[in-house]
Every structure is written in structure tokens, then in C-alpha cells.
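Hi,

Here is the structure I promised to pass on to you. Have a look at it first, and then read on for what turned up.

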Amino acid sequence: MEPKNFAVQELQHYHLNARRGNVDAIAESLRVNGQYKPIIVNAGSKTGRENEVLVGNHTLDAMIANGGETIQAIVIDVTDEEARRIVLAD
């Protein structure tokens, strides 16, 4: 799967994301290293929640904090159950 560029405002956070990451540290890494791995976004045709970030919610926050306008993502299309498993595994 090839990464796709998304405008940051096109994406929404995973609706049940309970994790709290160090957004400041991720933002600093993005400033120094750039985005070297894509986030994972659920297309949403099976959940009704379009462009929902499954992996990389804090990377998205950090990109926004840095004033970034776009972010690279791999797009998948999974059910709610599959999405939960992916989020838990990550």
C-alpha cells in the first residue's frame, strides 16, 4: 500500500483512543527527522466514521502543533472490531 497525503483537517482521531502520548516529544522528532513512517487511517465505509486515525493519533496532534498542513497515511477499510484490534495491538 502506498502512503497518501492528507490535509490534517481531513482526519479525525479514533473515537475510543485512551492512550496519552508525549506529543511534545513527537513534535520535536517531526521537526528534526520529518515524518519517516505513515500513520494508519480507516476509510470508514464499514464504520461510518470517515478518515479515522487508528495508528498515529499523537503523531497527528504533533503535526498540527508544528503547523503542518499535510500528513502521510496508509488507508485501510476495516470494521469496528478490526479497528479495535488494530488500536489495541498498536
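Before the details, one definition will help: a residue is called buried when its relative accessible area is under 20%, exposed when that area is over 50%, and partly exposed in between. Please also keep in mind that this is a predicted model.

Let's start with the sheet. In what order do the five strands of the open sheet come? The order is β1-β5-β3-β4-β2, and the pairing is mixed. The edge positions go to β1 (4–7) and β2 (12–13), and each has a single partner strand, so one side of each has no neighbour in the sheet.

Two of the pairings are worth a look on your screen. β1 and β5 (residues 70–76) run antiparallel and are joined by four bridges. If you want landmarks there, A7 sits opposite T70 in β5, and N5 sits opposite Q72 in β5. β5 also pairs with β3, this time in the parallel sense, again over four bridges. In that region, N42 has I76 in β5 as its bridge partner.

Now the helices. Helix α3 (residues 80–89) lies across β3 (39–42), β4 and β5, and its direction makes an angle of about 45 degrees with β4. Helix α2 covers residues 57–65, and its buried residues are N57, H58, T59, L60, A62 and M63. What do these buried residues pack against? They pack against β2, α1 (23–33), β3, β4 and β5. After α2 comes G67, which has a positive phi, near 85 degrees.

Two single residues are good places to zoom in. The first is V55, which belongs to strand β4 (residues 52–55). V55 counts as buried because its relative accessibility is 18%, and the cut-off for buried is under 20%. Leaving out residues up to four places away in sequence, V55 touches I39, I40, I86 and D90. As for L11, it is 44 residues from V55 along the chain, and the C-alpha atoms of the two are 12 Å apart.

The second is N51, in the loop between β3 and β4. Is N51 buried or exposed? It counts as buried, because its relative accessibility is 13%. The side chain of N51 reaches the backbone oxygen of E10 at 3.4 Å. Not counting neighbours within four places in sequence, N51 is in contact with F6, E10, L11, Q12, V41, N42 and A43.

Next, the charged pairs. Side chains of opposite charge can pair when their charged atoms come close. How many salt bridges does a search of the whole structure find? It finds five, and three of them are described here.

- R31 and E28: the closest N and O atoms of this salt bridge are 2.8 Å apart. Both residues lie in helix α1, three residues apart, which is about one turn of the helix. E28 has a relative accessible area of 39%, so it is partly exposed.

- R49 and D80: here the closest N and O atoms are 2.4 Å apart. R49 is in the loop between β3 and β4 while D80 is in helix α3, so this pair ties together parts that are 31 residues apart in sequence. R49 is buried, with a relative accessible area of 18%, whereas D80 counts as partly exposed at 28% relative accessibility.

- E81 and R84: their side chains meet in a salt bridge at 3.1 Å, N to O. The two are three residues apart in helix α3, so about one helical turn separates them. R84 counts as partly exposed at 34% relative accessibility. E81 has a relative accessible area of 40%, so it is partly exposed as well.

There is also a network to look for: salt bridges that share partners join R49, E52 and D80 into one.

If you'd like a route through the model, try the sheet with its order β1-β5-β3-β4-β2, then helix α3 lying across β3, β4 and β5, and finish at the salt bridge between R49 and D80.

Cheers

Note on methods:
Residues numbered from 1 in each chain as written. Predicted model: local features only at pLDDT ≥ 70, side-chain atom pairs only at ≥ 80, totals over all residues. Heavy atoms only, no water. Buried < 20%, exposed > 50% of the residue type's maximum accessible area, 1.4 Å probe, protein only. Contact = heavy atoms within 4.5 Å. Pairing = 2+ DSSP bridges. Axes fitted to C-alpha atoms, helices over the stretch in contact; angles between N-to-C directions. Polar contact = N/O pair within 3.5 Å; in protein donor to acceptor, adjacent residues only side chain to side chain. Salt bridge = Lys/Arg side-chain N within 4 Å of Asp/Glu carboxyl O.
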